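I'm opening a fresh page for this structure. My notes below go in the order I looked things up.

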Amino acid sequence: MSVPRKCAPLLSRLHDAIFCSRGRVRYQAACGQRIVPRTDGISVAIAHYNRGRLAHRPVCNLLNHDFVREVVFFDDGSRADELAHLKSFVTSLAAGDRLRVETRSQNLGAQATKLDAVEACLSEWVLVLDSDNTAFPGYLDALSLLRNKH
């Protein structure tokens with residue numbers, strides 16, 4: 001099913017309002033039973049450039065999945081205000097070692113940032129996302145099954 005182009009912005013705002021509000025992300029991060037780091041999980045590498053205000057989108061589902069060991073935002077020389085929004089959001093979640101921000105001062109482009117983000121991750125398995133994407137639990141469950149087969 002295709003969504004008409006004029007409806008896409010409305011659906012995006014609706015998605016954010018329901019699943020990705022800052023309050024909802026903070027609530028989910030505070031649920032103690034799911035925020036326990038696992039050493040056998042995967043890392044999620046997120047390339048970031050000037051999207052600090054949208055940082056809550058990918059984090060919403062990731063931190064609540066016990067298969068996710070860590071989420072690493074790698075900033076590619078964003079403006080100071082956008083980087084401050086990102087760091088403020090990460091700090092507000094108080095997720096400890098599971099959520100961190102790596103930065104560089106010079107913009108080197110999306111591909112270089114993704115490669116550096118992967119290098120910054122601790123797990124053997126890494127899921128690479130853009131800062132405006134997320135991975136829903138069904139997808140993460142499928143990755144978990146795939147990883148356990150290998």
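**Before the sheet.** I need one definition first: two strands count as paired if DSSP finds at least two bridges between them. I also remind myself that strands of a sheet pair through backbone hydrogen bonds, either parallel or antiparallel.

**The sheet.** I'm working with a predicted model. With that in mind, I looked up the strand order and found an open sheet of four strands, β3-β2-β1-β4, with parallel pairing. Its edge strands are β3 (99–104) and β4 (126–130), each of which pairs on one side only. I also checked the twist: on average, neighbouring strands of this sheet are turned by 20 degrees against each other, direction ignored.

**The whole chain.** Next I stepped back to the full protein chain. I get six helices and four strands. Reading from the N terminus, the elements run α-α-β-α-β-α-β-α-β-α. The chain has 150 residues, and 40% of them count as buried. I noted an exposed area of about 8,400 Å², with carbon and sulfur atoms supplying 55% of it. Then I looked at contacts with a separation of 6 or more: 82% of these are between residues 24 or more positions apart.

**How far to trust it.** I checked the confidence next. Mean pLDDT for the protein chain is 78, and 73% of its residues reach 70 or more. Residues 32–39 are a stretch to flag, since pLDDT stays under 50 there. The model has 15 contacts beyond four places in sequence for that stretch. Where pLDDT is low, the predicted coordinates should not be read in detail.

**Strand β2 and its partners.** I followed β2 both ways. Towards β1, I find parallel pairing over seven bridges. Serine 43 stands opposite glutamate 70 in β2. Towards β3, the two strands also run parallel, and six bridges join them. Here valine 71 has leucine 99 in β3 as its bridge partner. Is β2 enclosed by the rest of the structure, or open? It is largely enclosed, because eight of its nine residues are buried.

**Aspartate 76.** I picked this residue in β2 (residues 68–76) for a closer look. Is aspartate 76 buried or exposed? Its relative accessibility is 3%, so it counts as buried, the cut-off being under 20%. Which side chain does its own side chain meet in a polar contact? That is arginine 104, at 2.8 Å. The side chain of aspartate 76 also has a polar atom 2.9 Å from the backbone nitrogen of leucine 108. Leaving aside neighbours within four places in sequence, I listed what aspartate 76 is in contact with; among them are His48, Tyr49, Gln106, Asn107 and Thr113.

**Helix α4 and alanine 84.** Last, I turned to a helix. I see α4 lying across β1 (42–48), β2 and β3, and running at about 160 degrees to β3. Alanine 84 sits in this helix, which covers residues 80–93. What is its exposure class? With a relative accessible area of 44%, alanine 84 is partly exposed, because that class lies between the 20% and 50% cut-offs. I also compared alanine 84 with arginine 53: they are 31 residues apart in sequence, and their C-alpha atoms are 9.5 Å apart in space.

Technical notes: Residues numbered from 1 in each chain as written. Predicted model: local features only at pLDDT ≥ 70, side-chain atom pairs only at ≥ 80, totals over all residues. Heavy atoms only, no water. Buried < 20%, exposed > 50% of the residue type's maximum accessible area, 1.4 Å probe, protein only. Contact = heavy atoms within 4.5 Å. Areas by Shrake-Rupley, 256 points an atom, 1.4 Å probe, with all protein chains shown as cover. Polar contact = N/O pair within 3.5 Å; in protein donor to acceptor, adjacent residues only side chain to side chain. Axes fitted to C-alpha atoms, helices over the stretch in contact; angles between N-to-C directions. pLDDT = per-residue confidence, 0-100.
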